[in-house]
Amino acid sequence: MNQRRIRVALLGATGSIGRSTLDVIKAHSDRFELVGITANSNSSQLAEIATQFGVRTAILTASNGRELVDRSRFPKNCEVLFGQDAVEHLASSPDVDIVVSAIVGAAGLRGSLAAVGAGKRLAIANKETMVIAGATVRKLAQKTGAELLPVDSEHSAIFQAIKSGREKEVCRVILTASGGPFRDFPKEQMDQITPAMALKHPTWKMGPKITVDSATMMNKALEIIEARWLFDLKAGQIEAVIHPQSIIHSLVEFCDGSVIAQLSPPDMKLPIQYALSYPERLDGTSPRLDLTTRMSLELIPPDIEKFPAIPLGLEVAERGGSSGVVVNAANEVAVDAFLNGKLSFSQIVPACRAMLDHHEFISEPTYEEITSLDDWAREETIKWMHLCC
Ligand code: NAD
Ligand code: MG
């Protein structure tokens, strides 16, 4: 019997997660149909994807999108749209079944919220959505029936492992972290780290922002907060452990002491595919574990003095409310400044700490309060950088 293909909108199609999602859709073109794509400014790559997949809607979000676009490179029957309103429209369209949220940073929030508001399945790579607005997203999903499917490899692992018991039997979740390129780097030399050094991740190939986040371990901080909201956990139930091989993607401990983990080689196609096909598992497109050769899997407690991002993430998960908004905004500004040679590596986490400590806490921020706090934290971080550097 012919099944209707599942219609996918891919927000952030030109990025690292976007490209891996395209590979999954191509490998399972009998199951999935790409109907809409977005990019910030890479018009030529967007046109290539639109042509290759016969996409009906393509959106450029950059404010100068109209100037960047060469309409002749897009297929004739593909509508080319501009701006964040168009992204919201696509993410909530009745012609879309699954929205993959793969934009980087707080810029991904509007599309994610539109998809959840319209009751879609949201495949969440954009962890910032849950960091900034986890409580709002959960509440909205309960109202609309939207499904939240994690794409982040750690959260996909938890999502898979947690099904081994009942919700109330979960004792703790342990997120693994590769430790990034500076796991064994001397603490006293951390302020000499250059963007080129930070952009070399030992096990994952990702976009520049998350690669720097992995180096500072802010990525793990953001993932701790993401896990708190995705799985409705208490901060005290979440831990992080260093696992340099990036094969064990996370672990869940149940009340009887059983620990269930998910393992696979580091490749984002697997969690992306699972988020698209769940509850079904489809044939894999990623490499498999080779268990015929000797392999070591290490688990090492994190050095929280060298990587203060981890306690910061736990504190934000504990405090909830507006804490995630300001820490995320500060991190985005600080990472951008670091990549542009305007801030030292070792000042990124202190910038986030300063915004957490100085902001006026709101326990249940509205969408308007979230956006104005985000603006506030961006401006304050710039001022903080001028004062401290
Ligand atoms: P990337 O930088 O490679 O791609 C980002 C995408 O977002 C691009 O398509 C870009 O055009 C778009 N974009 C950038 N700025 C935008 C803006 N202001 N408005 C609208 N669109 C914008 O990033 P990535 O590595 O693919 O990461 C995407 C998201 O997935 C991030 O939230 C990241 O934390 C998360 N994630 C990534 C990986 C990974 O392996 N890359 C793993 C887990 C989670
Ligand atoms: Mg991750």
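## A walk through the ligand shell, the metal site and some single residues

S246 is a good residue to start with: its relative accessibility is 4%, so it counts as buried, the limit being under 20%. It sits in the loop between β9 (238-242) and β10 (248-254). Although S246 is not a glycine, it has a positive phi of about 50 degrees. Please keep in mind as you read on that this is a predicted model.

S246 has company in its backbone geometry. M217 is also a residue other than glycine with a positive phi, here near 70 degrees. You will find M217 in the loop between α9 and α10 (218-230). With a relative accessibility of 2%, M217 counts as buried.

**Around ligand 1**

Let us turn to the ligand. How many residues surround ligand 1? There are 24 of them. The closest are T14, S16, N40, E128 and G207. Sorted by class, the shell holds 12 nonpolar, 9 polar and 3 charged residues.

Three helices each supply at least two residues of this shell: α1 (16-27), α6 (127-144) and α9 (208-216). Where does ligand 1 lie with respect to domain 1 and domain 2? Domain 1 (6-150) gives residues to the shell, and so does domain 2 (165-265 + 288-311), so ligand 1 lies between them.

Some polar contacts to oxygen atoms of ligand 1 are worth finding on screen. They are set out here with the protein part that takes part in each.

| Residue | Protein atom | Distance to an oxygen atom of ligand 1 |
|---|---|---|
| E128 | N or O atom in the side chain | 2.7 Å |
| G207 | backbone N or O atom | 2.8 Å |
| G15 | backbone N or O atom | 3.2 Å |

Taken alone, ligand 1 exposes 830 Å², and the protein buries 86% of that area.

**The magnesium ion**

Ligand 2 is a magnesium ion. Which residues are its protein donors? They are D152 (OD), E154 (OE) and E223 (OE), and they lie 2.1 to 2.2 Å from the ion. If you like to look for the donors in the sequence, their spacing is D-x1-E-x68-E.

Are D152 and E154 buried or exposed? D152 has a relative accessible area of 7%, so it is buried. E154 counts as buried too, because its relative accessibility is 8%.

**Helix residues, from buried to exposed**

Back to the helices. S214 has its place in helix α9, one of the helices that supply residues to the shell around ligand 1. S214 is buried, with a relative accessible area of 10%. Its C-alpha atom is 19 Å from that of L251, and the two residues are 37 apart in sequence.

Q142 is found in helix α6, another of the helices that supply residues to the ligand 1 shell. Is Q142 buried or exposed? Its relative accessible area is 61%, and since the limit for exposed is over 50%, Q142 is exposed. Between Q142 and T51 there are 37 Å, C-alpha to C-alpha, for a separation of 91 residues along the chain.

I382 belongs to helix α15 (residues 367-388). At 40% relative accessibility, I382 counts as partly exposed, because that value falls between the 20% and 50% limits. The C-alpha atoms of I382 and A330 are separated by 8.6 Å, with the two positions 52 residues apart along the chain counted as their separation.

**On either side of α11**

Two loops next to α11 round off the tour. D267 is found in the loop between β11 (259-263) and α11 (269-277). D267 is buried, with a relative accessible area of 15%. What does the side chain of D267 reach? At 2.9 Å, it reaches the backbone nitrogen of K269.

The other loop runs between α11 and α12 (309-319), and P279 lies in it. The peptide bond from Y278 to P279 is cis, with omega near 10 degrees.

**Places to look**

If you want a short list for the viewer, try the oxygen atom of ligand 1 that is 2.7 Å from the side chain of E128, the magnesium ion with D152, E154 and E223, and the cis peptide bond from Y278 to P279.

Definitions and conventions:
Residues are numbered from 1 along each chain as its sequence is written. Chains are lettered from A and ligands numbered from 1 in the order in which they are written. This is a predicted model: local features need pLDDT of at least 70, side-chain atom pairs count only at pLDDT 80 or more; totals for chains, interfaces and linings use all residues. Side-chain values use heavy atoms; hydrogens and water are left out. A residue is near a molecule or strand if one of its heavy atoms lies within 4 Å of it. A polar contact is a pair of N or O atoms within 3.5 Å; within protein, one must be able to donate a hydrogen and the other to accept it, and residues adjacent in sequence count only if both atoms are side-chain atoms. Accessible areas come from the Shrake-Rupley method with a 1.4 Å probe; for residues, only the protein chains shown count as cover. Helices (H or I, at least four residues) and strands (E, at least two) are DSSP runs, numbered from the N terminus. Ala, Val, Leu, Ile, Met, Phe, Trp, Tyr, Cys and Pro count as nonpolar, Asp, Glu, Lys and Arg as charged, and the others, Gly among them, as polar. Domain bounds come from an automatic or database domain assignment. Donors are N, O and S atoms within 2.8 Å of the metal (3.2 Å for Na, K and Ca); water is not among the atoms, so sites may look incomplete. Buried means under 20% relative accessible area, exposed over 50%, partly exposed in between (1.4 Å probe, protein chains only).
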